[in-house]
Amino acid sequence: MTVQIEERGDRVVATLDRPEKRNAIDQETIDALHDLCASLEADPRTLILTGSGGVFAAGADIAELRERTPDDARRGINALAFLRIRELPMPVIAAMDGYALGGGAELAYAADIRIGTPALRIGNPETGLGIMAAAGATWRLPEIVGEARASELLLTGRTLDADEALAWGLVSTLHPADELLDAAQTIADRIAANDPLATQHTKRALRAPRAEHPAIEFDLQAELFASPEKHRRMTEFLEKRARR
Ligand code: COA
C-alpha cells in the first residue's frame, strides 16, 4: 500500500507512504488516489494529504517516467488524478514536511489549503529532467503565487525553502514537524464546525471560471437560502443574542 488511509468521521487523512522512495508518486499511488477520490465524491469529507518519513513527495516516480511514451503523456496520468483531487467537493489540505518536488508539488497545488514545516523544500525541477511540469503547475501555480513568481520558479526549476514558500503565500503557515498534523486537524475542525453544504458551495464558486461569476454564486446561494440548516443556524445565532 503506497497510500495509508485513515477515516475519521468528517475527514480522511491520506498519507503517501513509500518512504524508501521518498514517497515518489508511481502508478500504484495514482490508482490509490483515484480510489480515494471515488470514496470522497460519494461521501464528501475534508481530506488531509500528507507524507511519511519527513517527506511529502519527491515527485513523480522517475523510474516509471523514464519509460513513459508520448501516448502516456497525452493520457495525463498524474494530471487527471490531481484534477480530480482539486475538484473534490470538500476542502483538501496538504500538510507538507521536507521535499514536495515535481509531481509532489503539483499534488499540493491541487489542494485548497497548504501548510508546511521549516524543512519544506518545494519546487518543480522537471525541466532539468528533460520534461515539463504538466500535472497542473503551469496553470495552478500562477493562480496561487502570481504569474511572475510562477514563471521564475518553473523556468529556473529552482526549489523554494520554507520561509520563501511562506513569503510567497504558497503555504499559509509553518509548524514544527511534530505539530504539522495537529495543525491540519485544527483546520479540519474549523471546517467541520461550519455547514458542509455551504462549504461545498463556497469551494465550487472558488473553482468556477471567471466567466461564470457572479451567476454561479447567486444560484448556489439560492440553494443555501432554501436550506433548513441556514434557518437553523441563523435562528440559533439570534436566539443566543436574545438570551444575553
Ligand atoms: N522517483 C523515483 N525514485 C525516487 C524519486 C523520484 N522522484 N526521488 C527519490 N527517489 C528514490 C531514489 O532513487 C532512492 O532510491 P534507491 O534507494 O533505490 O537508490 C531513494 O528514493 C532515496 O533517494 P535519495 O536521493 O537517496 O534521498 P535523499 O534524501 O538523499 O534525497 C531528494 C532526496 C528528493 C533530494 C532526491 O531523491 C531527489 O532529488 N529526487 C528526485 C527529485 C525530482 O527531480 N523530482 C521531480 C520528478 S518529476
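**Exercise 1. A residue between two helices**

Where is the place of Ser227? Work in the predicted model, and then decide whether Ser227 is buried or exposed.

*Solution.* Begin with the secondary structure, where Ser227 is found in the loop between α11 and α12. Next, take the relative accessible area of Ser227, which is 12%; since buried means under 20% relative accessible area, Ser227 is buried. As a last step, compare sequence and space for one chosen pair: Ser227 and Ala193 are 34 residues apart along the chain, and their C-alpha atoms are separated by 17 Å.

**Exercise 2. The two sides of α11**

Determine which residues of helix α11 are buried, how they are arranged around the axis, and what they pack against.

*Solution.* The first step is to list the buried residues of α11 (residues 215-225), which are Ile216, Leu220 and Leu224. Looking down the axis of α11, one finds these buried residues within an arc of 70°, so they line one face of the helix. This can be set beside a general point: an α-helix has 3.6 residues a turn, so residues three or four places apart point the same way. The face of α11 turned away from the buried side carries Phe218, Asp219 and Phe225, which are exposed. Finally, the packing partners of the buried residues of α11 are α10 and α12 (228-243).

**Exercise 3. The same analysis for α7**

Identify the buried residues of α7, the elements that cover them, and the exposed residues on the face turned away.

*Solution.* In α7 (residues 147-156), the buried residues are Ala150, Leu153 and Leu154. Around the axis they span an arc of only 90°, which puts them on the same side of α7. Their cover includes α5, β7, α6 and β8 (159-161). On the face turned away from the buried side, the exposed residues are Ala148 and Leu155. For Leu155 the relative accessible area is 70%, and its C-alpha atom is separated by 15 Å from that of Ala135, 20 residues apart along the chain. To finish, follow the chain out of the helix: α7 is followed by Gly157, whose phi is positive, near 70°.

**Exercise 4. Salt bridges and what they connect**

How many salt bridges does the count come to? Examine three pairs, asking in each case where the partners lie.

*Solution.* The count comes to 20 salt bridges. The general background is that side chains of opposite charge can pair when their charged atoms come close.

1. Glu7 and Arg45 meet through their side chains at 2.5 Å, N to O. Glu7 belongs to strand β1 (residues 3-8) and Arg45 to the loop between α1 (27-42) and β3 (46-51), so this pair ties together parts that are 38 residues apart in sequence. Arg45 is buried, its relative accessible area being 9%.
2. Arg75 and Asp72 form a salt bridge at 2.8 Å, N to O. Both lie in helix α3, 3 residues apart, or about one turn of the helix. Asp72, at a relative accessible area of 17%, is buried.
3. Asp112 and Lys203 are joined by a salt bridge whose closest N and O atoms are 2.8 Å apart. Here the pair links distant parts of the chain, with Asp112 in the loop between α5 and β6 (113-116) and Lys203 in helix α10 (residues 196-207), 91 residues apart. Asp112 is partly exposed at 23% relative accessible area, whereas Lys203 is buried at 6%.

Beyond these pairs, a network of salt bridges links Glu229, Arg232, Arg233 and Glu236.

**Exercise 5. The lining of the largest pocket**

Describe the largest pocket by its volume, its lining residues, and the elements that contribute to the lining.

*Solution.* Start with the volume: the largest pocket holds about 560 Å³ of space. It is lined by 26 residues, of which Leu65, Asn78, Ile131, Met132 and Ala134 are the closest to its centre. Two or more lining residues come from each of α2 (62-67), α3 (70-75), α4 (77-86) and α5 (103-109), and α4 gives the most, with 4 residues. Sorting the lining by class then yields 16 nonpolar, 6 polar and 4 charged residues.

Methods: Residues numbered from 1 in each chain as written. Predicted model: local features only at pLDDT ≥ 70, side-chain atom pairs only at ≥ 80, totals over all residues. Heavy atoms only, no water. 1 Å grid on protein atoms, 1.4 Å probe; cavity = no way out; pocket = protein on both sides within 12 Å on 5 of 7 lines; lining within 4 Å. Points joined across faces, edges and corners; volume = space filled by probe spheres on them. Nonpolar A, V, L, I, M, F, W, Y, C, P; charged D, E, K, R; others polar. Salt bridge = Lys/Arg side-chain N within 4 Å of Asp/Glu carboxyl O. Buried < 20%, exposed > 50% of the residue type's maximum accessible area, 1.4 Å probe, protein only. Arc of directions from axis to C-beta. Contact = heavy atoms within 4.5 Å.
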